[in-house]
Amino acid sequence: MENRTLHTRFAALAIGVAVAVCAIAAICLLFPAQSQVRDGMEYGYVYSGVKSSSVDFAEAAMSDESLVVFGSSELSTPRRLVPQVPAAVFGEADYGLRLMLVGEAFDQSLWHAIALGAYDSAGLPGDKAVIIVTPGWFADGGQDAETFKTRFSFSLYQRFCANSDVPAEAKDYIRTRLAESGIDATQLDAATPTLPQDYLNGLTFGVLDDLKLRQGLLEVRDKGTNLVTSDAPATPDFTALRAEAEKTAAEMSTNNDWGLEDAFYAEQLEPALADLAGSRADETYSDTPEYDDLSCFLDIADACGIETLVVLSPEMGPYYDYIGIGKDVRTACYDRVRSIVASHSGVTLADFSDREYEKYFLYDIVHFGWTGWVDVEQSIYQFAKGGA
């Protein structure tokens with residue numbers, strides 16, 4: 001009787017495993033592999049966390065002319081508000097440069113450090129990369145754990161850990177920071193397995209994450225645009241682009257003196273101004289691990305032989321003066337970023353911190369605006385072309 005019971009249990013287990021395997025196989029057939037992209041389509045300018053977390057998809061969508069740009073919410077700015085965004089400038093003319101935008105809102109230096117190591121495992125075209133650094137990342141207290149956990153990608157972290165070019169010190173630092181950010185030890189151990197259960201968990205997490213990314217990429221593939229192959233001038237005419245940007249900005253910013261887009265000012269900022277006065281006077285931009293996270297990103301870039309452009313975004317001077325984060329606090333933040341950049345080899349700094357009071361450089365209080373994107377794109381183009 002006991003043998004029959006044991007045989008029954010094994011049979012049930014075998015059937016269960018077979019059903020699970022068939023189910024996974026069916027799902028895999030329904031959702032194409034991450035590496036599948038549509039011929040003749042451009043995906044570099046699609047703003048998507050799913051795309052950013054899929055190295056296989058990005059690798060398949062890139063060419064030798066591609067340059068990976070790590071960033072945050074500024075990558076989401078639509079061209080209806082700022083017609084000078086990269087999708088319009090580089091995505092609609094063939095200048096021999098295609099951008100692969102990686103990241104979305106709430107992705108900061110820790111996330112980017114992991115992504116950099118993961119993307120390097122596949123090889124970055126030209127061994128170059130760009131990171132857009134936002135001063136708001138350095139707010140006291142650092143990024144809260146719950147926000148970070150919404151953006152953590154097991155797939156990226158697993159590939160990061162598997163990259164032998166990433167120094168052990170950087171891997172140890174990242175693991176510690178992930179634990180501090182609320183990522184549970186089971187996932188951390190699964191990405192660097194030593195025990196049998198770690199390997200099993202790694203397989204489970206990997207399969208589940210793969211299926212989630214495959215499903216999400218179905219929508220991403222529909223957002224691609226036709227790949228531009230038409231002739232264009234040898235280089236973008238940034239002088240003409242900036243003149244057009246100033247004209248557009250003047251037409252879209254008419255109800256405020258700060259050079260902000262009309263709807264943003266009228267609907268989001270103006271109603272809150274009375275409550276915002278002096279509201280962040282205690283902010284120091286000093287009590288945060290973000291500076292060490294940025295340094296780790298550059299450590300990884302150096303170790304992997306990746307030449308890096310750091311784009312330092314300004315804050316909106318008049319607005320931050322108004323809410324109480326004084327120029328001295330902001331200057332100290334910029335200085336620390338400059339110091340970190342200067343302490344690493346192979347890093348170029350595009351420093352726009354002196355544009356805090358320049359109208360139209362930002363279209364809201366944080367994100368690049370009409371002239372801002374033109375100047376940032378010029379710095380990216382020159383970096384990609386070796387100072388051209």
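These legends describe close-up views of a predicted model.

**View A. Lys128, a buried lysine in strand 4.** Strand 4 covers residues 128–133, and Lys128 lies in it. The residue is buried but forms no salt bridge. Its nearest side chain of opposite charge belongs to Glu307, 4.2 Å away; a salt bridge requires a distance within 4 Å, so this pair does not count as one. The side chain of Lys128 does reach the backbone oxygen of Phe383, at 2.7 Å. Leaving out residues up to four places away in sequence, Lys128 touches Leu67, Ile306, Glu307, Phe383, Ala384 and Gly386.

**View B. The largest nonpolar core.** This core has 112 residues. Helix 5, residues 109–122, gives the most to it, with 8 residues. The residues with the most contacts inside the core are Phe70, Leu99, Tyr157, Ile174, Leu178, Ile300 and Val311.

**View C. Surroundings of Val311.** Val311 is among the residues with the most contacts inside the largest nonpolar core. Neighbours within four places in sequence aside, Val311 is in contact with Val130, Ile131, Ile132 and Val133, and these four fall within strand 4 (residues 128–133). Its other contacts are Ala350, Phe352, Phe368, Val376 and Ser379.

**View D. Thr248 in helix 11.** Helix 11 runs over residues 238–252 and includes Thr248. Thr248 counts as buried because its relative accessibility is 11%, and the limit for buried is under 20%. Not counting residues up to four places away in sequence, Thr248 touches Pro83, Gln84 and Trp370.

Methods. Residues are numbered from 1 along each chain as its sequence is written. This is a predicted model: local features need pLDDT of at least 70, side-chain atom pairs count only at pLDDT 80 or more; totals for chains, interfaces and linings use all residues. Side-chain values use heavy atoms; hydrogens and water are left out. Helices (H or I, at least four residues) and strands (E, at least two) are DSSP runs, numbered from the N terminus. Buried means under 20% relative accessible area, exposed over 50%, partly exposed in between (1.4 Å probe, protein chains only). Lys and Arg count as positive and Asp and Glu as negative; His and the chain ends are not counted. A polar contact is a pair of N or O atoms within 3.5 Å; within protein, one must be able to donate a hydrogen and the other to accept it, and residues adjacent in sequence count only if both atoms are side-chain atoms. Contact means heavy atoms within 4.5 Å. A nonpolar core is a set of buried Ala, Val, Leu, Ile, Met, Phe, Trp, Tyr and Cys residues joined through side-chain atoms within 4.5 Å.
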